[in-house]
Amino acid sequence: METNKTKFLKDGYIKIESLLSLSEVDGLRAIYDEILKDKVKTAHLRSDLAGATTNTNEKVERITQIMRPSSLVPELLKSSAYKKAEQWAKDLLGEDMELDFDMMINKAPKTNTPTPWHQDAAYWINMPDQRSASCWIALDKVFEENGCMWFIPKTEGKPILPHKNMPNGGALYCETDTSQAQSIPLPPGGCTFHDGHTLHFSQGNITDVQRRALILNFRPKKMIDYEREQGVDHTGERKQRN
């Protein structure tokens with residue numbers, strides 16, 4: 001039988017039906033919603049991945065990204081979600097894996113704005129050790145109509161594809177063959193892990209409720225130190241080196 005580690009290394013992603021209990025999910029939702037509604041405290045960490053809208057009266061953020069929510073609520077780092085996800089990352093890729101950064105991505109109701117196909121590594125600086133694992137935790141029931149994750153199984157040796165900015169700003173995207181794409185519905189508390197080279201996408205949210213996701217990104221400790229030396233701390237801006 002194929003193990004989770006074997007599948008992750010081969011395909012670039014795995015699905016875990018239940019990472020967290022419903023009570024653990026409830027605790028995270030309460031923190032998540034408090035952070036999401038505080039536009040003042042999150043201003044320097046917040047963006048809309050959907051980019052600019054042509055409707056000047058439109059005030060709704062369609063795909064709200066908040067980087068490093070644990071810098072605003074440090075107790076998140078001690079939560080079971082972060083501890084369980086880190087242990088999974090270590091089991092998949094080695095004991096030197098640690099949390100690099102976390103983020104929240106919320107798709108507002110009835111905004112119908114997809115997150116385009118991309119590889120996470122397209123956003124990152126080049127590093128000598130390419131190991132990475134992103135844990136995408138569903139805080140709501142997710143399915144195709146509200147924006148569950150889709151993946152294309154990784155091809156060995158496949159490089160980072162050319163990426164472009166969306167015409168209205170916001171997210172990066174690339175063009176690729178999607179004939180092998182697979183959608184990954186999840187219950188609340190379920191998650192996926194994927195590496196930085198794995199192509200993924202999600203449809204827009206056409207439902208009446210929000211789609212909340214918490215993402216924890218792991219990489220080797222030496223590579224986290226390397227990033228910081230280059231001025232990268234994932235707060236949304238690259239800092240100048242001193």
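An open sheet of seven strands runs in the order β1-β11-β6-β13-β4-β3-β2 with antiparallel pairing; strands here are DSSP runs of E of at least two residues, and helices are runs of H or I of at least four, both numbered from the N terminus. Two strands are taken to pair if DSSP finds at least two bridges between them. At the edges of the sheet lie β1 (13-16) and β2 (46-48), each of which pairs on one side only. From one strand to the next, the twist averages 20°, where axes are lines fitted to C-alpha atoms (for helices over the stretch in contact) and angles run from 0 to 180 degrees between N-to-C directions. The model is a predicted one, in which local features need pLDDT of at least 70 and side-chain atom pairs count only at pLDDT 80 or more, while totals for chains, interfaces and linings use all residues. Residues are numbered from 1 along each chain as its sequence is written, and side-chain values use heavy atoms, with hydrogens and water left out.

The β2 side of this sheet can be followed strand by strand. Edge strand β2 pairs with β3 (residues 63-67) in the antiparallel sense over three bridges, and here D48 stands opposite T64 in β3. Next, β3 pairs with β4, again in the antiparallel sense, over five bridges, with Q65 opposite I105 in β4. On to β13 (residues 211-220), β4 is joined by 10 bridges, the two strands running antiparallel; M103 faces I215 of β13 in this pairing. How far is β4 enclosed by the rest of the structure? Nine of its 11 residues are buried, so β4 is largely enclosed; buried means under 20% relative accessible area, exposed over 50%, and partly exposed in between, using a 1.4 Å probe and protein chains only.

A second open sheet, of four strands, has the order β5-β12-β7-β10, also with antiparallel pairing. Its edge strands are β5 and β10 (182-184), each pairing on one side only. Neighbouring strands of this sheet are turned by 25° against each other on average, direction ignored. Within it, three bridges join β7 (residues 149-151) to β10, and these strands run antiparallel. The bridge partner of F151 in β10 is Q182.

Several loops between strands deserve a look of their own. The loop between β4 (97-107) and β5 (115-118) holds K110, and N112 is found there too. Most residues other than glycine have a negative phi. K110, however, has a positive phi near 55°, and N112 has a positive phi near 45°. With a relative accessibility of 59%, K110 counts as exposed.

The loop between β11 (191-194) and β12 (200-202) contains T198. Is T198 buried or exposed? T198 is buried, with a relative accessible area of 1%. Its side chain makes a polar contact of 2.6 Å with the side chain of D195; a polar contact is a pair of N or O atoms within 3.5 Å, of which, within protein, one must be able to donate a hydrogen and the other to accept it, and residues adjacent in sequence count only if both atoms are side-chain atoms. A polar atom of the T198 side chain also lies 3.0 Å from the backbone oxygen of G12. Farther along the chain, N205 lies in the loop between β12 and β13 and is buried, with a relative accessible area of 0%. The C-alpha atoms of N205 and D129, which are 76 residues apart along the chain, are separated by 35 Å.

Attention turns finally to internal space. Rolling a probe the size of a water molecule over the atoms shows where empty space is left. A search of the whole structure finds one cavity of 30 Å³ or more, a cavity being a set of points, on a 1 Å grid over the protein atoms alone, where a 1.4 Å probe fits but cannot get out, with lining residues having an atom within 4 Å of a point. The volume of the largest cavity is about 50 Å³; grid points are joined across faces, edges and corners, and a volume is the space filled by probe spheres set on the points. Its lining is formed by L28, I31, Y32, I35, P69, L76, M104, L139 and L214. Helix α2 (residues 22-37) supplies the largest share of that lining, four residues. What is the character of the lining residues? They divide into nine nonpolar, no polar and no charged, where Ala, Val, Leu, Ile, Met, Phe, Trp, Tyr, Cys and Pro count as nonpolar, Asp, Glu, Lys and Arg as charged, and the others, Gly among them, as polar.

How values were computed. On a 1 Å grid over the protein atoms alone, a cavity is a set of points where a 1.4 Å probe fits but cannot get out, and a pocket is an open set with protein on both sides within 12 Å along at least five of seven lines; lining residues have an atom within 4 Å of a point.
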